[in-house]
Amino acid sequence: MRMRNKPWAMDFLKTNDDLVDTDSAYALKIGDFFNTAQPLHIEVGTGMGTFITELARRNPHINYAGIELDKNILIRVVEKVRALDLKNVKLLLLDANMLESYFKPQEVERVYLNFSDPWPKHRHEKRRLTYHTFLSQYRNILSENGELHFKTDNRRLFEYSLVSLNQFGMTFHEVNLNLHENEPEDNIRTEYEGKFSAKGNLIYWLKASF
Ligand code: SAM
């Protein structure tokens with residue numbers, strides 16, 4: 001996802017510091033950031049936030065942290081959270097490779113990855129969010145019965161991820177090679193999902209645990 005650079009983006013995010021953590025101020029104390037103590041789910045690579053804001057609207061009893069490394073994109077999520085007046089969402093300007101420094105062990109109950117960048121070149125494999133170094137971080141921050149949910153239209157990334165998760169010893173609970181064929185009622189389409197599905201691409205989905 002590319003977004004034009006907005007020179008005012010960081011100032012904007014900082015003036016919304018009740019909603020956005022731009023400098024890891026709540027690292028290892030995310031509970032202090034939320035109004036209410038309740039289960040925590042995270043989305044890594046939130047994009048413009050359609051998914052996490054709708055999920056949070058439907059599930060007020062769960063806290064959601066949206067993790068995004070692009071400040072220009074995060075602005076759009078701030079706008080959505082404000083418009084819906086959601087109290088159970090916080091946004092973290094953070095690279096996913098910092099997850100372990102940010103969350104305490106077993107603090108998170110679910111990790112969502114939606115339409116993660118595929119990084120098709122072999123030399124960029126380490127950047128894929130299902131590369132083993134990221135899986136190791138998810139494992140450490142997830143609770144005992146915690147789940148990883150991964151959705152993409154990119155067949156090669158999905159195939160890669162099946163192997164990567166399997167090599168990591170993960171258990172697959174569901175694998176769906178055409179999620180929209182009988183689209184579950186609780187499926188929330190992300191921006192990319194809407195766009196790629198309209199083009200006729202198949203949507204792949206899996207749910208796994210460590
Ligand atoms: N999830 C959204 C969707 O499905 O519409 C956005 C998908 S977009 C292809 C991937 C997003 O992940 C981008 O916004 C990108 O900035 C973010 N991203 C990529 N690598 C990341 C990382 N290491 N940490 C945090 N965010 C990352």
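User: Which residues come nearest to the ligand, of the 18 around it?

Analyst: Keep in mind that this is a predicted model. The ligand has 18 residues around it, and by class that shell holds eight nonpolar, five polar and five charged residues. The ones that come nearest are Gly45, Glu68, Ala96, Asn114 and Thr190.

User: How far is a backbone N or O atom of Gly45 from a nitrogen atom of the ligand?

Analyst: Let's go through the backbone atoms around the ligand. Tyr192 has a backbone N or O atom 3.0 Å from an oxygen atom of the ligand. Asn114 has one 3.0 Å from a ligand nitrogen atom. For Gly45, the partner is also a nitrogen atom of the ligand, and the distance is 2.8 Å.

User: How much of the ligand's accessible area does the protein cover?

Analyst: Start with where the ligand sits: the space it takes is the largest pocket. On its own, the ligand has 600 Å² of accessible area, and the share of this that the protein covers is 93%.

User: Phe51 and Tyr112 form an aromatic pair, but of what kind?

Analyst: There are eight aromatic pairs in the structure. In the one made by Phe51 and Tyr112, the rings sit 5.1 Å apart, centre to centre, with 70 degrees between their planes. Planes over 60 degrees apart fall in one class, so this pair counts as edge-to-face.

User: And how many residues apart in sequence are the parts that this pair ties together?

Analyst: Phe51 belongs to helix H2, which runs over residues 50–58. Tyr112 is in strand S5, residues 108–114. The pair therefore links two parts whose separation in sequence is 61 residues.

User: Which side chain does Asp85 join through a polar contact of 2.7 Å?

Analyst: Asp85 is found in the loop between helix H3 (71–84) and strand S4 (89–93). Its C-alpha atom is 9.2 Å from that of Arg57, a residue 28 positions away along the chain. The polar contact of 2.7 Å, though, is between the side chains of Asp85 and Lys87.

User: What is the phi of Gln106, roughly?

Analyst: Most residues other than glycine have a negative phi. Gln106 lies in the loop between helix H4 (99–102) and S5. Its phi is positive, though it isn't a glycine, with a value near 65 degrees.

User: Where is Phe115, which has a positive phi although it is not a glycine?

Analyst: The phi of Phe115 is about 50 degrees. As for its place, look at the loop between S5 and helix H5 (132–141).

Conventions:
Residues are numbered from 1 along each chain as its sequence is written. This is a predicted model: local features need pLDDT of at least 70, side-chain atom pairs count only at pLDDT 80 or more; totals for chains, interfaces and linings use all residues. Side-chain values use heavy atoms; hydrogens and water are left out. A residue is near a molecule or strand if one of its heavy atoms lies within 4 Å of it. A polar contact is a pair of N or O atoms within 3.5 Å; within protein, one must be able to donate a hydrogen and the other to accept it, and residues adjacent in sequence count only if both atoms are side-chain atoms. Accessible areas come from the Shrake-Rupley method with a 1.4 Å probe; for residues, only the protein chains shown count as cover. On a 1 Å grid over the protein atoms alone, a cavity is a set of points where a 1.4 Å probe fits but cannot get out, and a pocket is an open set with protein on both sides within 12 Å along at least five of seven lines; lining residues have an atom within 4 Å of a point. A molecule sits in a cavity or pocket if more than half of its atoms lie within 2 Å of its grid points. Ala, Val, Leu, Ile, Met, Phe, Trp, Tyr, Cys and Pro count as nonpolar, Asp, Glu, Lys and Arg as charged, and the others, Gly among them, as polar. Rings of Phe, Tyr and Trp (its six-membered ring) pair if their centres lie within 6.5 Å; planes under 30 degrees apart count as stacked, over 60 as edge-to-face and the rest as tilted. Helices (H or I, at least four residues) and strands (E, at least two) are DSSP runs, numbered from the N terminus.
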